[in-house]
Amino acid sequence: MALNQGRSRRSVIIAKEAFAVGQRTFAAGAGKVKKGSKGAASDAPKASMLSKEVKSTTVVGANILKDGADPKIMPDSEYPDWLWHLLDKRPALSELRRKNIETLPYEDLKRFVKLDNRARIKENNSVKAKN
């Protein structure tokens, strides 16, 4: 009988260690990390496995197909002209309002109409929400 009580006590102690009430438990090996050995090395960013030649000649990660390959970088003359103007700053609505509408280029006029309509819709919605 004493042997059974000893076994049951051990199982209760083991159960308490495995399922601590009100405490967060982790995997057994997680708490045994040595300080200064491998933990610091894993925090550092990993170096790329690609050579510099591959990085400078291909667009790495641009391929979305399973069987395809990353596209090669072409010379600037191979790309369309509009591509180089995508990041140009465009005038804001307040700046467009200050200019004469009749002298605006077509693209700026189109942008002015779009931004002005958007501003009027927002204003009308806020007036309706107050009523």
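In this predicted model, residues 24 or more positions apart account for 5% of the contacts with a separation of 6 or more in the protein chain. Buried residues are 8% of the chain's 131 residues. The secondary structure is quick to list: five helices and zero strands, which gives α-α-α-α-α when read along the sequence.

Here are the helices that come up below, with their residue ranges.

| Helix | Residues |
|---|---|
| α3 | 52–57 |
| α4 | 93–98 |
| α5 | 106–130 |

**α5 and what it packs on**

Let's start with α5. This helix has 25 residues and runs 37 Å from its first C-alpha to its last, close to the 36 Å you'd expect at 1.5 Å a residue. Which residues of α5 are buried? They are D108, R111, F112, L115 and D116. As a general point, an α-helix has 3.6 residues a turn, so residues three or four places apart point the same way. The buried residues of α5 pack against α4.

**The nonpolar core**

Two of those buried α5 residues, F112 and L115, turn up again in the largest nonpolar core, a set of five that also takes in L93, L96 and L104. Both α4 and α5 supply at least two residues of this core. In soluble globular proteins, nonpolar side chains tend to be buried together. Core member L104 is in contact with L96, K99 and L109, leaving aside its neighbours within four places in sequence.

**The largest pocket**

If you're after a pocket, the largest one has a volume of about 180 Å³. What lines the largest pocket? The lining residues are R90, P91, E107, D108, K110, R111 and K114. Sorted by class, that's six charged residues, one nonpolar and no polar ones. D108 and R111 do double duty: both are in the pocket lining, and both are among the buried residues of α5.

**T58, in a loop**

Now for a residue outside the helices: T58 sits in the loop between α3 and α4. Is T58 buried or exposed? T58 counts as buried because its relative accessibility is 9%, and the cut-off for buried is under 20%. As for its partners, T58 is in contact with D70, P71, K72 and I73, once neighbours within four places in sequence are left aside.

Definitions and conventions:
Residues numbered from 1 in each chain as written. Predicted model: local features only at pLDDT ≥ 70, side-chain atom pairs only at ≥ 80, totals over all residues. Heavy atoms only, no water. 1 Å grid on protein atoms, 1.4 Å probe; cavity = no way out; pocket = protein on both sides within 12 Å on 5 of 7 lines; lining within 4 Å. Points joined across faces, edges and corners; volume = space filled by probe spheres on them. Nonpolar A, V, L, I, M, F, W, Y, C, P; charged D, E, K, R; others polar. Core = buried A, V, L, I, M, F, W, Y, C linked by side-chain atoms within 4.5 Å. Buried < 20%, exposed > 50% of the residue type's maximum accessible area, 1.4 Å probe, protein only. Helix = DSSP H or I, 4+ residues; strand = E, 2+ residues; numbered from the N terminus. Contact = heavy atoms within 4.5 Å. Expected span 1.5 Å × (residues − 1).
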